[in-house]
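Subject: Handover of a protein structure

Dear colleague,

Please find below the structure that I am handing over to you. I would be grateful if you read the notes that follow with the sequence and the model open beside them.

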Amino acid sequence: MSDTTCGSTDESNSNCGGAETKATDGGAATENTSASSPACGASDSSGSSSCGTSKSGATDDKVGSTADDFDADPGRLFAVGLGPGQPEGMTQRAKATLLEAEHIVGYTTYIDLIPDAVTEAADELYDTPMCGEVSRTEEAVDRALAGNDVAIVGSGDPNVYALGGLALEIIESKGATASALDFEVVPGVPAAQSCAARVGAPLVNDSVSISLSDHLTPMADIESRLHAVAAEGFTIAIYNPWSRKRRENFETACEILLEHRPADTPVGVVHGAGRDDEAVEIVELGELKSLGETDLIDMTTTLLVGNEETYVWDGQMITPRGYESKYDY
Ligand SMILES: C[S@@+](CC[C@H](N)C(=O)[O-])C[C@H]1O[C@@H](n2cnc3c(N)ncnc32)[C@H](O)[C@@H]1O
């Protein structure tokens, strides 16, 4: 298995670089460990942690180590969703799991979102910049196979365009089992829900999430899915709406939506929900495309596109659930 192409992943504009294991108050690791230490795991960093090595371009597309390479009794592995970003947006269960984990592994931006009291309690933090999701996940699995209790973290929920599935796939590809690692997904609040909450109640009826990232899904498939869900009248949560490389995808998505929905359809635009740079606007679908050039829409923005019944009242987006057709109020 190999790593992803730098710049085509979903989360930030940061440059690719070596992984870093940070010292914590409770641990002694201080060195840069872009090549894994045997004590932590057996990832072959030459094969999987360098950015820009996509599967199509890789010469070695195998996971670097297998379960048989580890002698220790395995530790536990948790895929933990952090929620939108602020400490109070994290579930108690996620926090408790992180406090119990000996190693916490994640994309640097997400590790930075974890409260200091939690990261300081861990023996080791292993963070890598954007574009290392396969090698980072493999590192987490290897550390668990080496006998450590490990949490791999991500924003929102591990089941929403995130690493829950990748962790299981890597465990399987190493010849290990989920049960041997006591693997568990610890849910978090997904961006669709935390962003919906910022604009009122736009997702109350049937809704669908769709990601505009063509990093792993061909744009032609994304376009046909968007046509289908827009035509069916779902409210739509759009993840990964924008990147420098995906600006055409955003513009195409706006055009597709306008083929199926009136220009005055309300759209909630939520940037950085729960983070320091949070920005929220409710706009009309017809003006959405022009916002692509503004700071409001980037890789930490989620769009909430109303259905034909969605309306705006007193600054709140409302998608009726249908009570009004059955009850008087
Ligand atoms: C790779 S997906 C991860 C989704 C995450 N697992 C979840 O459950 O929300 C990244 C996308 O999630 C959305 N996102 C994540 N955090 C967000 C936040 N705090 N505010 C708005 N959108 C966010 C953005 O659309 C971003 O491009």
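A salt bridge is counted here when a side-chain nitrogen of Lys or Arg lies within 4 Å of a carboxyl oxygen of Asp or Glu. The side chains of Lys 174 and Asp 142 satisfy this rule, with 2.6 Å from N to O. Please bear in mind throughout that the model is a predicted one.

Overall features

The protein has 329 residues, and 50% of them count as buried. Its secondary structure consists of ten helices and 14 strands. Among contacts with a separation of 6 or more, 75% are between residues 24 or more positions apart. The accessible surface amounts to about 14800 Å², and carbon and sulfur atoms account for 46% of that area. The structure contains ten salt bridges.

Salt bridges around Lys 174

The pair of Lys 174 and Asp 142, with its distance of 2.6 Å, links distant parts of the chain: Lys 174 belongs to the loop between α6 and β6, Asp 142 belongs to helix α5, and 32 residues separate them. Lys 174 also forms a salt bridge with Glu 138, where the closest N and O atoms are 2.9 Å apart. That second pair likewise joins distant parts of the chain, since Glu 138 sits in helix α5 (residues 133-145) and Lys 174 in the loop between α6 (164-173) and β6, 36 residues apart.

Are these charged residues buried or exposed? Glu 138 counts as buried because its relative accessibility is 1%. Lys 174 is buried as well, with a relative accessible area of 2%, and Asp 142 is buried at 0%.

A network of salt bridges

Which residues are linked in a network of salt bridges? They are Arg 76, Arg 93, Asp 182 and Glu 184. Within this group, the side chains of Arg 93 and Glu 184 meet at 2.3 Å, N to O. Arg 93 lies in helix α2 (residues 92-100) and Glu 184 in strand β6 (residues 184-186), so this salt bridge ties together parts that are 91 residues apart in sequence. Arg 93 is partly exposed, with a relative accessible area of 43%. Glu 184 is also partly exposed, at 25% relative accessibility.

A buried charge without a salt bridge

Asp 157 is located in the loop between β5 (150-154) and α6. This residue is buried but has no salt bridge, and the nearest side chain of opposite charge, that of Arg 93, is 8.9 Å away. What does Asp 157 touch, leaving aside residues up to four places away in sequence? Its contacts are Gly 81, Ala 162, Pro 187, Gly 188, Val 189 and Pro 190.

Patches on the surface

A patch of negative charge on the surface is formed by Asp 264, Glu 281, Glu 284 and Glu 287. Of these residues, Glu 287 is placed in helix α10 (residues 285-288). Glu 287 is partly exposed, because its relative accessibility is 37%. A second patch is nonpolar: Tyr 323, Tyr 327 and Tyr 329 make up about 450 Å² of surface. Tyr 323 belongs to the segment after β14 (316-318).

Helix α7 and the residue after it

Which residues of helix α7 (residues 191-199) are buried? They are Ala 192, Ser 194, Cys 195, Ala 196 and Val 199. In an α-helix there are 3.6 residues a turn, so residues three or four places apart point the same way. Gly 200 follows α7 and has a positive phi, near 115°.

Positive phi angles outside glycine

Most residues other than glycine have a negative phi. Tyr 161 is not a glycine, yet its phi is positive at about 45°. Tyr 161 is found in the loop between β5 and α6 and is partly exposed, with a relative accessible area of 42%. Asp 314, again not a glycine, has a positive phi of about 55°. Asp 314 is placed in the loop between β13 (311-313) and β14. With 63% relative accessibility, Asp 314 counts as exposed.

Yours sincerely,

A colleague

Key:
Residues are numbered from 1 along each chain as its sequence is written. This is a predicted model: local features need pLDDT of at least 70, side-chain atom pairs count only at pLDDT 80 or more; totals for chains, interfaces and linings use all residues. Side-chain values use heavy atoms; hydrogens and water are left out. Patches are made of residues with over 30% relative accessible area and no salt bridge: like charges are joined within 9 Å, nonpolar side chains (Val, Leu, Ile, Met, Phe, Trp, Tyr) within 5 Å. Accessible areas come from the Shrake-Rupley method with a 1.4 Å probe; for residues, only the protein chains shown count as cover. Lys and Arg count as positive and Asp and Glu as negative; His and the chain ends are not counted. The place of a charge is taken as NZ of Lys, CZ of Arg, CG of Asp or CD of Glu. Helices (H or I, at least four residues) and strands (E, at least two) are DSSP runs, numbered from the N terminus. Buried means under 20% relative accessible area, exposed over 50%, partly exposed in between (1.4 Å probe, protein chains only). Contact means heavy atoms within 4.5 Å.
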